Amino acid sequence: LHHVTVSPCPPATTGSDEEDDSDSSTKPIRSEKKKNPASLFQTGGDPPKEKKTKKKAPPKAAESEEETLETPQKNSNKKGKGKKSKKKEERPPSPVIEVDNLEEFVLRPAPQGVTVKCRVTRDKKGMDRGLYPTYYLHLDNDKKVFLLAGRKRKKSKTSNYLISIDPTDLSRGGENFIGKLRSNLMGTKFTVFDNGANPDRANADWSNVRQELSAVVYETNVLGFKGPRKMTVIIPGMNSDNERVPIRPRNDNDGLLMRWQNKNMDNVIELHNKAPVWNDETQSYVLNFHGRVTHASVKNFQIVHGSDPDYIVMQFGRVADDAFTMDYNYPLCAVQAFAIALSSFDGKLACE
């Protein structure tokens, strides 16, 4: 069996590699029966215009359609055990993605039908790095194009991560600051902001005020933090042009978390992590990552919409001690996905 079962923190989510080269991973992401996944994320307005995003798609859009993630076929965990296990370590790379303007790219939703495959590396070297590691996000392809860097701020009462488009400049005041992730005091709820101004410093029409790009809520389960975590991810909905609806809260009571808690879901979409399945043979929780994840970790997760659990909005998982794959699909952008991944590293949740 090719499941990764050795888990430092059992029972944890493991990746299954059996199918990494089989047909299922090369089918387009849309399941036949279901309508266009874009409709899951639309909040109000006209139905999504199918062709709208074509001009932004990478030049090889036709080919990349074929490289998206799919769900396992019915018996994927039982059949074809030895099929292609030799190629276990070769993770399918990202389709061709053009990163022309980095700042624009990292805030732009993934093109529909294309999975943007990335790699997160954690750097713990240097004086404070053990406590405040720096995380780097690159496209997972030959060129290893740099996208984002993130690091926890030191003098912050709550966990606060700065996200930058320059790997050498992780300062709040720098022009490369693109967003931040902030937790509550308990370290169980997180909000992701872009680089706009605090509402206290709003201009007359609020156009400079920061947007909330996402919120993440972690719940402990009966096993405390030892079992698979339960995550809820809250994101702004998309309009009829497949663009993110701006959510610019005027105060803390108007943010994504409060809207979600108050069940005020106008222009807000709720996502969850896919529940892993207990595997008696390996005595561990298992998810199929199609060869994109090779190490057991409580941090491995897949984010889906309740109405279509086969459409993976984002998946994240460990491939080495300090390396992780992070793949995201429409409607997420790189900043949202990277911030959601950073939240899973946070100290109070960690159990490695």
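Which residues point one way from β13, and which the other way? In this predicted model, F301, I303 and H305 point one way from the strand, whereas Q302 and V304 point the other way, and all are buried. In a regular strand, the side chains alternate between the two faces of the sheet. In keeping with the burial of its side chains, β13 is mostly covered, five of its five residues being buried.

The neighbours of β13 can be described in turn. Strand β10, residues 268-273, is joined to β13 by three bridges, and the two run antiparallel; within this pairing, H305 of β13 is the bridge partner of L271. With β14, strand β13 pairs in the antiparallel sense over five bridges, and F301 has F316 of β14 as its bridge partner. Only two residues lie between β13 and β14, which together form a hairpin.

These strands belong to a closed barrel of 12 strands, which runs β2-β3-β4-β5-β6-β7-β8-β9-β10-β13-β14-β15 with antiparallel pairing, and in which the twist averages 20 degrees from one strand to the next. Elsewhere in the barrel, β5 (residues 160-164) and β6 (residues 177-183) pair in the antiparallel sense over five bridges, with Y161 standing opposite L181 in β6. Helix α4 packs on the sheet, where it touches strands including β2, β8, β13, β14 and β15, and its direction makes about 25 degrees with that of β8. The protein as a whole contains four helices and 15 strands.

Aromatic side chains provide a further set of contacts, with a count of nine aromatic pairs. One of these is formed by F41 and Y330, which meet edge-to-face at 6.3 Å centre to centre, with 75 degrees between the planes. Because F41 lies in the loop between β1 and α1 and Y330 in the loop between β15 and α4, the pair ties together parts that are 289 residues apart in sequence. Both F41 and Y330 are buried. Ring pairs also link F301 and F316, the bridge partners described above, with Y135, F324 and F345 into a cluster. In addition, R210 lies over the face of F193, at 4.1 Å from the ring centre.

Over the whole protein, 57% of the 352 residues count as buried, and the accessible surface comes to about 16,000 Å², of which 49% belongs to carbon and sulfur atoms. Among contacts between residues at least 6 apart in sequence, 61% join residues at least 24 apart.

Key: Residues numbered from 1 in each chain as written. Predicted model: local features only at pLDDT ≥ 70, side-chain atom pairs only at ≥ 80, totals over all residues. Heavy atoms only, no water. Phe/Tyr/Trp six-rings, centres within 6.5 Å; stacked < 30°, edge-to-face > 60°. Buried < 20%, exposed > 50% of the residue type's maximum accessible area, 1.4 Å probe, protein only. Lys NZ or Arg CZ within 6 Å of the ring centre and 35° of its normal. Pairing = 2+ DSSP bridges. Axes fitted to C-alpha atoms, helices over the stretch in contact; angles between N-to-C directions. Contact = heavy atoms within 4.5 Å. Areas by Shrake-Rupley, 256 points an atom, 1.4 Å probe, with all protein chains shown as cover.
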